[in-house]
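Visitor: I am new to this structure and should be grateful for a close look at a single part of its surface. Please begin with one residue and then widen the view.

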Amino acid sequence: MSGHVSPVSLYVTIFLSLMVLTAVTVFAAFINLGQFNFLVAMLIATFKASLVIWYFMHVKYASRLTKLTVATGLFFLAILLSFMMLDYGSKAFTEMPPFLR
């Protein structure tokens, strides 16, 4: 298999970036951002996931078909999450009976 061989320094840099982003995630968890707590956490998680997919899973150096497969998977994940949030947002939540608490 004659794939692209990345230097070790690149992997160390990506690993250190992931560790810094993990520390940023923990730090952000202790800051009250109101409604933006979830948004900040998801943005950091999305960036970390993209680093892992792009470099550790070697999608950056893969063929167009592999990139299309990854993009298609992410597209359908977005559709499923959108439907889930649509269903969750349409529910009328009532208070639980006292015997179930």
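Guide: Let us begin with Phe15, which has a relative accessible area of 43%. Phe15 counts as partly exposed because this value falls between the limits of 20% for buried and 50% for exposed residues. The model considered here is a predicted one. Within it, Phe15 belongs to helix α1.

Phe15 is also one of the residues of a nonpolar patch on the surface, together with Val8, Val12, Leu16, Met19, Val52, Phe56 and Met57. The accessible area of these residues together comes to about 730 Å². Two elements, α1 (8–29) and α2, each give two or more residues to the nonpolar patch. The greatest contribution is that of α1, with 5 residues.

Helix α2 leads on to another feature. Both α2 (36–56) and α3 (64–89) supply at least two residues each to the lining of the largest pocket. This pocket has a volume of about 280 Å³. Its lining consists of 15 residues, and those nearest the centre are Thr46, Ala49, Ser50, Ile53 and Leu74. Sorted by class, the lining holds 12 nonpolar, 2 polar and 1 charged residues.

A charged contact completes the view. The structure holds 1 salt bridge, and this joins Lys91 to Asp87, with 3.5 Å between the closest N and O atoms. Both partners are partly exposed: Lys91 has a relative accessible area of 46%, and Asp87 has one of 41%.

Terms used: Residues are numbered from 1 along each chain as its sequence is written. This is a predicted model: local features need pLDDT of at least 70, side-chain atom pairs count only at pLDDT 80 or more; totals for chains, interfaces and linings use all residues. Side-chain values use heavy atoms; hydrogens and water are left out. On a 1 Å grid over the protein atoms alone, a cavity is a set of points where a 1.4 Å probe fits but cannot get out, and a pocket is an open set with protein on both sides within 12 Å along at least five of seven lines; lining residues have an atom within 4 Å of a point. Grid points are joined across faces, edges and corners, and a volume is the space filled by probe spheres set on the points. Helices (H or I, at least four residues) and strands (E, at least two) are DSSP runs, numbered from the N terminus. Ala, Val, Leu, Ile, Met, Phe, Trp, Tyr, Cys and Pro count as nonpolar, Asp, Glu, Lys and Arg as charged, and the others, Gly among them, as polar. A salt bridge is a side-chain nitrogen of Lys or Arg within 4 Å of a carboxyl oxygen of Asp or Glu. Buried means under 20% relative accessible area, exposed over 50%, partly exposed in between (1.4 Å probe, protein chains only). Patches are made of residues with over 30% relative accessible area and no salt bridge: like charges are joined within 9 Å, nonpolar side chains (Val, Leu, Ile, Met, Phe, Trp, Tyr) within 5 Å. Accessible areas come from the Shrake-Rupley method with a 1.4 Å probe; for residues, only the protein chains shown count as cover.
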